[in-house]
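The following account leads the reader through selected features of a predicted model. Please keep the sequence and the structure in view while reading.

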Amino acid sequence: IPWDGDIVTCMPRRAIISRGLFLGDNPLTIAGPVFMLQLALSSFATGAIDYLLRPFGQCSFFSQMLGATLLGPSILGAIGTFKQSAFSDESLHVFDTFQNFGSIFFIFLVGLKFDGGMVTKSGRKSILIGISSFLVSMAITIPAIILLNIFVTTDPKVEQMLTTVAILESAVSFHVIVCLLADLKLLNSEIGRLALSSSLVGNAFSWSVVAVIIIWGDFLRTSVYRLVSRVSYILLMVVVVVCIMRPIMFWMIKRTPEGKPMKEVHLLVIFIMVLFTAFLGQATGQTLLFGPMILGFAVPPGPPLGSYVEDKLETIVSSVLMPTYFVGTVGKMKLSLITVAEFSVIEPVVLLAFLGKLIGTVLPAIFYSVPLEDALVLGLVMSTQGVVDIHHFRGALTFNSLSLGVYSIMVYSAMGIAGITSPLVKYIYQPSRRYVSKKSGSLLHFINTSEFSILACVYRESSAPAIIDLLEASNPNRESPICVNLLHLIELHRVATPLLIAHKRNDTSSSDYNLSKHIINAFKVSEQRNQGILSLNSFTAMSPYATMHEDICALAIDKRTSLIILPFHRLLNLDGLLESTNPIRNVNRNVLKRAPCSIGILIDRGTTSASNCLLGSRHSYRVAIIFLGGSDDREALVYGMRMGEHSNTRVTLIRFCIGDDMISTLNIDKKLDTDLINEFRHKFTENERVTYREEVVPDGLAIINVIMSMDKKFDLIMVGRQHGRHSPFVEGLTEWNDFPELGFLGDMLATSDLHTGVSILVLQQQYSDSEFPRILDP
């Protein structure tokens, strides 16, 4: 019996490698095959349950914990044969060691994703919500604990644990909230951004308080030597990471050419750093997780190093290492260990802590004029629990601050809270409906107002010249200047913190500006060329493709834009070749569904260059408008009418008709179409640069022949995405579309042999609430 009182059990030595069934070895009695089986079962059970429950709005934490529970001692683990074969006591030493590696790299990733700069940049609203969520929870649970101790007879050991339970349950975790928002695709929503900044403040504040309590407890209950040892370890780790390891990281960044990925040897160095910081913790008698977390904080965020390390580690940690951690967490629990006496005392504290965080979030949010429904959603998000909370529960269990029964109650409660919170948030909060409800109207109402606001989105540098030419052709003038809101969209891998950066004028010092500097500078040249009639606001959005449309729609609302311009997903690379990017296509489709204003998808054929100046060009910019009828075609016509007023633009309107006997049945928008055509003809009667012609065709195939004959005659062709309800022009042709988001004509032009430089702009008017479900699948 060693000094700590634990009983040592002697077990026979096990072989590591199996010779195989045919030579008489049972692989389930040999360490290597059993460990591989444990990894496979852990990854499969957690991944399968997550896959099955994801459509119901469940977060990955709940699903993975449920999968681990399936393998745990309460279900399959209760079957003697299964336990002895897959998770026998003698096989858990290797499995537990692997869990430690999982926790080390997981906590490193938590630090890597923690953006301390967001804490300092958080506004008063985020600071108040973050601090209040923790303090109100503590203010409710501590008095409740005092009352429980007075009026309820409890086990003295459980009574001592109640304060620890209250602190752990009241703490806010940034990483848990990031994962929940990523699962629900709300990272870029208004509530998502507020939750991220608030949780950062709450996380930093709550665990600062916990650290002070731990250090003060060491001072009161233990020797001064232990207190000095803990403080010295913290200082040593900070010095090693900040003064030695962080400069090495910056040296590696300097050695990496701009736009190139980091070398594999650099990733190896980071891995060694992670393991060394964990070793220092164990060598000094402290936790092995503090060092990796500090190291994660020290890694420079974003590309090239932060994004590269996260991209390389995220899959192996989340899909292989963490499932073993979940299974190990559940493996320490048994329903039979939970007594009614413990449950009746611990569960009220857990629920009061949850209620305290909910109230502590909702009340400040309402104070800052957040709508009640949004405040409730924010409260649910801030009150959820996840893997970081479980990690702290396990730490408290390791240091005997919690009993196994109390630990089991807290883990099951965390699962229940996460399992209820996630579907509620998904059901209550649907930001896409809010974008559609904030209808801005068609271009007809805003295109010639005092200021025409456009949101120009750019994924790659090669898209900038075509958009700049389009903006200059849009006729900025003194009576109706154009305000361009440039949004450079950069993909963030995995669930890193999304950022929407507003660049200040003449501020080129930040690293965020460097990511977008070439694109911003190209648009600045256009602004200077059109000084006084074209203004530029520059933004960079860094987020996953799955939620990037939220940034676009939110900025469109905030800046009250009338038109969003999106590059087509088949983009030109630096060599002039087309590259198709499906994630960008999904972003464009999501914007088409949810945008609060009109949308234009620009298909660039690569004839423009960054040096081309439209206003100073000797050649006119030739624009063709294809008009079949309907609201989207009217958007194209209105936009073309504004272009027609530009002194260096030639506009040709081609209206297709099927004959006088059928034209009255084309669509219900006939009068609006006719009125706008008449306005166009009247406005440009004496303008030689503007041409109108009609083409009488028997069917949609004839339209294709006419358009194909326009080869080499225009620089830009503008079409509407849809052409009225039940239009006979496109009857029977839409099912052949390769890109339904472009409509019939846009798809035909994008996939045709018109490779002589004509670009295409496909316009769609924003749809009303009643029309919204009709375009859910473009």
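Arginine 560 is located in the loop that runs between helix H22 (548-558) and strand E5 (563-567). Its phi is positive, at about 55°, although the residue is not a glycine. The general expectation is otherwise: most residues other than glycine have a negative phi. The side of the question that concerns solvent is readily settled, because a relative accessible area of 73% lies over the 50% cut-off for an exposed residue; arginine 560 is therefore exposed.

A positive phi also occurs at lysine 185, where the value is near 55° and the residue is again other than glycine. Lysine 185 belongs to the loop between helix H8 (174-183) and helix H9 (190-221). With a relative accessible area of 45%, lysine 185 falls between the limits of 20% and 50%, so it is classed as partly exposed.

The two helices H9 and H22 return in the discussion of charged side chains. Arginine 193 and aspartate 551 form a salt bridge, with a nitrogen-to-oxygen distance of 2.2 Å. This pair links distant parts of the chain, since arginine 193 lies in helix H9 and aspartate 551 in helix H22, 358 residues apart. How accessible are the partners, buried or partly exposed? Arginine 193 has 22% relative accessibility and counts as partly exposed, whereas aspartate 551, at 1%, counts as buried.

A further salt bridge joins the side chains of arginine 585 and glutamate 741, at 2.8 Å from N to O. Arginine 585 is part of helix H23 (residues 582-594), while glutamate 741 sits in the loop between strand E12 (716-720) and helix H28 (743-751); the pair therefore ties together parts that are 156 residues apart in sequence. Arginine 585 has a relative accessibility of 17% and glutamate 741 a relative accessible area of 2%. Because buried means under 20%, arginine 585 is counted as buried, and glutamate 741 is buried as well.

Arginine 693 and glutamate 695 provide another salt bridge, with 3.0 Å between N and O. Arginine 693 is partly exposed, at a relative accessible area of 31%, and glutamate 695 is partly exposed at 21%. Elsewhere, Arg585, Arg589 and Glu741 are joined into one network by salt bridges that share partners. The count of salt bridges in the model comes to 11.

The path now returns to strand E5 and its pairing. E5 is joined to E8 by 5 bridges, and these strands run parallel. Within this pairing, leucine 563 has serine 598 of E8 as its bridge partner. E8 is joined to strand E13 (residues 759-764) by 5 bridges too, but here the strands run antiparallel. Isoleucine 599 stands opposite glutamine 764 in E13.

How many residues of strand E8 are buried? Strand E8 (residues 598-603) is mostly covered, with 6 of its 6 residues buried. In a regular strand the side chains alternate between the two faces of the sheet. In E8 both faces are covered: one side carries Ser598, Gly600 and Leu602, the other Ile599, Ile601 and Ile603, and all are buried. Serine 598 and isoleucine 599, named above for their bridge partners in E5 and E13, thus belong to opposite sides of E8.

How values were computed
Residues numbered from 1 in each chain as written. Predicted model: local features only at pLDDT ≥ 70, side-chain atom pairs only at ≥ 80, totals over all residues. Heavy atoms only, no water. Helix = DSSP H or I, 4+ residues; strand = E, 2+ residues; numbered from the N terminus. Buried < 20%, exposed > 50% of the residue type's maximum accessible area, 1.4 Å probe, protein only. Salt bridge = Lys/Arg side-chain N within 4 Å of Asp/Glu carboxyl O. Pairing = 2+ DSSP bridges.
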